[in-house]
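Student: Could we go through this protein together, one question at a time?

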Amino acid sequence: KVREETEEVFRAVAGDGDPVEEMGDLLFAAVNVARFVHTDPEQAIQNATDKFIRRFARVEQAAKDAGKSLVDMSLAEMDALWDKVKAKEYEAAQHE
């Protein structure tokens, strides 16, 4: 159902439907998946939010260390920093 709702979001964004309604349906489907796998959806989103905040702070620091500002960087440059931060976190977790 999540895949189906994701496609409906893309169609709505392209002009075929209401993006707000379709986004709500997608979120509802994701919550149902969480329930199905016995996961607290509120805790899952809190964990994801905390991880995003931590990574974004590291991206900002990496940009600063490189003498750059995120405001002046392209999306591709920011994505590259994001990928480096994510890879470093993965490596660190493997050594724990």
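Here is the conversation that follows.

Tutor: Sure, and some ground rules to begin with. This is a predicted model, where local features need pLDDT of at least 70, side-chain atom pairs count only at pLDDT 80 or more, and totals for chains, interfaces and linings use all residues. Residues are numbered from 1 along each chain as its sequence is written, and side-chain values use heavy atoms, with hydrogens and water left out.

Student: Which pattern does the protein chain follow along the sequence?

Tutor: Helices (H or I, at least four residues) and strands (E, at least two) are DSSP runs, numbered from the N terminus. The protein chain has four helices and zero strands. Read along the sequence, that gives α-α-α-α.

Student: What radius of gyration does the protein chain have?

Tutor: The radius of gyration is taken over C-alpha atoms, and the globule rule is 2.2 Å times the number of residues to the power 0.38. The C-alpha atoms fill a box of roughly 45 × 35 × 15 Å along the principal axes. For a compact globule of 96 residues you'd get a value near 12 Å, but the protein chain has 17 Å.

Student: How many of the residues, as a percentage, count as buried?

Tutor: Buried means under 20% relative accessible area, exposed means over 50%, and partly exposed is in between (1.4 Å probe, protein chains only). Out of the 96 residues of the protein chain, the buried share is 17%.

Student: Is Glu-5 buried or exposed?

Tutor: Let's find Glu-5 to start with: helix H1 is its home. Contact means heavy atoms within 4.5 Å, and, leaving aside neighbours within four places in sequence, Glu-5 is in contact with Glu-22, Asp-25, Leu-26 and Ala-29. Its relative accessible area is 6%, so Glu-5 is buried.

Student: Which residue's side chain does Glu-89 join in a polar contact of 2.7 Å?

Tutor: Glu-89 sits in helix H4 (residues 75-94), and because its relative accessible area is 15%, Glu-89 counts as buried. Beyond its neighbours within four places in sequence, Glu-89 is in contact with Arg-54, Arg-55 and Arg-58. A polar contact is a pair of N or O atoms within 3.5 Å; within protein, one must be able to donate a hydrogen and the other to accept it, and residues adjacent in sequence count only if both atoms are side-chain atoms. At 2.7 Å, the side chain that Glu-89 joins is that of Arg-58.

Student: Where is Gly-17, and how far in space is it from Ala-29?

Tutor: Gly-17 is in the loop between helix H1 (2-13) and helix H2 (19-36). With 45% relative accessibility, Gly-17 counts as partly exposed. Gly-17 and Ala-29 are twelve residues apart in sequence, and their C-alpha distance is 18 Å.

Student: What is the phi of His-38?

Tutor: You'll find His-38 in the loop between H2 and helix H3 (41-65). Its relative accessibility is 75%, so His-38 counts as exposed. Most residues other than glycine have a negative phi. His-38 is not a glycine, yet its phi is positive, about 55°.
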